[in-house]
Amino acid sequence: MSDPISITVVIPCYNSEKLIERCLTSVLEQDYQNYKVVAYDNESTDSTREILNRYQKKYSDKLDVIDIPNLYRNSYREAFEHSFENCDTEYITFIASDDFVDKEYLSNVSNIITPRKNVIKCLQSGITIMLDNFKQADQVYNYKDVNDFKRNCMQRSPVNTPSVFYHRDIYQYLLPKAHIDNKKELRGAEDYDMFCNLAENDIFIYPCPIVLGYKYQLHEGQCTWSVHSEKQILINVSVVKNR
């Protein structure tokens with residue numbers, strides 16, 4: 001029997017004072033053991049950093065807090081790059097500071113990956129969409145293989161971005177190719193660009209056909225809402241498709 005996978009959970013934060021405590025508590029009180037948490041403060045101007053300090057004192061053996069410059073608007077790219085470049089666990093995943101997870105979330109993921117960690121380099125779970133603390137729907141994607149995934153990508157991104165677990169060895173394939181080639185900021189489409197790049201390199205994002213415990217919180221203050229309201233995401237998706 002393989003040892004349970006080691007996991008880094010990254011929480012990018014920017015002016016997250018309203019919901020960050022719920023997120024932190026849910027992540028730091030997992031029933032799983034072999035994991036660590038890194039929270040990145042992206043130059044917040046509210047009380048986010050003070051909240052992170054308080055949690056760091058309480059969970060000093062589990063939580064690290066890092067300050068990082070806010071370089072990309074409505075993006076967690078800064079935390080993404082820094083966390084991969086400094087990762088010392090086998091897998092890494094990202095949880096938005098306004099979302100939260102069930103206590104068994106990491107255990108559920110480990111039960112799937114651990115026996116197959118020589119095969120699964122990337123995995124996504126379904127997510128539960130929440131609004132005002134009430135469940136709205138479960139969102140699950142499924143596809144048969146890389147070619148089927150590519151066909152889906154021509155319609156829209158078939159990935160629940162927040163629930164993806166990446167093996168640290170695939171970081172070289174997670175660079176935003178269309179972003180680099182076009183020398184422009186692809187806000188709202190960076191993840192889509194990244195997933196297309198994985199497919200082009202035959203790295204399969206294994207789809208888990210059930211929800212493993214990720215709760216995605218809808219609210220007007222979230223980055224995704226802001227990007228959609230600016231109507232920039234559709235332009236950037238077209239750039240990725242035609243890269």
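## Helix H2 and its buried side

In helix H2, which spans residues 48-58, the buried residues are Thr48, Ile51, Leu52 and Tyr55. These residues cover an arc of only 100 degrees around the axis, which places them on the same side of H2. An α-helix has 3.6 residues a turn, so residues three or four places apart point the same way. The model described here is a predicted one.

Several elements take part in covering the buried residues of H2. Among them are strand S1 (7-13) and helix H1 (20-28), together with strand S2 (35-41) and strand S3 (63-67).

## The pairing of H1 and H2

The axes of H1 and H2 come within 10 Å, and they cross at roughly 25 degrees. Because angles under 35 degrees count as roughly parallel, H1 is roughly parallel to H2. The crossing of these two helices is right-handed.

On the H1 side, the residues in contact are Ile20, Glu21, Leu24, Thr25 and Leu28; on the H2 side they are Ile51, Leu52, Arg54 and Tyr55. By character, the residues of this contact comprise six nonpolar, one polar and two charged. Ile51, Leu52 and Tyr55 thus appear both among the buried residues of H2 and in its contact with H1.

## Tyr40 in strand S2

Strand S2, one of the elements covering the buried residues of H2, contains Tyr40. Tyr40 has a relative accessible area of 3% and is buried, because the cut-off for a buried residue is under 20%.

Leaving aside residues up to four places away in sequence, Tyr40 touches Val10, Ile11, Pro12 and Cys13, as well as Ile66, Ile68, Ala79, His82 and Ser83. Tyr40 and Ser83 lie 43 residues apart in sequence, while their C-alpha atoms are 9.1 Å apart in space.

## Asn160 in a loop

Asn160 belongs to the loop between helix H5 (146-153) and strand S8 (165-167). Asn160 is buried, and its relative accessible area is 1%.

The residues that Asn160 touches, not counting those up to four places away in sequence, are Gln124, Ser125, Gly126 and Ile127, along with Gln139, Val140 and Tyr141.

## The chain as a whole

The chain contains nine helices and nine strands. It has 243 residues, of which 51% count as buried.

Among contacts in the chain with a separation of 6 or more, 80% are between residues 24 or more positions apart. The contact between Tyr40 and Ser83, with their positions 43 residues apart in sequence, is one example of a contact between residues 24 or more positions apart.

How values were computed: Residues numbered from 1 in each chain as written. Predicted model: local features only at pLDDT ≥ 70, side-chain atom pairs only at ≥ 80, totals over all residues. Heavy atoms only, no water. Buried < 20%, exposed > 50% of the residue type's maximum accessible area, 1.4 Å probe, protein only. Helix = DSSP H or I, 4+ residues; strand = E, 2+ residues; numbered from the N terminus. Arc of directions from axis to C-beta. Contact = heavy atoms within 4.5 Å. Axes fitted to C-alpha atoms, helices over the stretch in contact; angles between N-to-C directions. Parallel < 35°, antiparallel > 145°, perpendicular 65-115°, else oblique. Left-handed = near helix turned anticlockwise from the far one by under 90°. Nonpolar A, V, L, I, M, F, W, Y, C, P; charged D, E, K, R; others polar.
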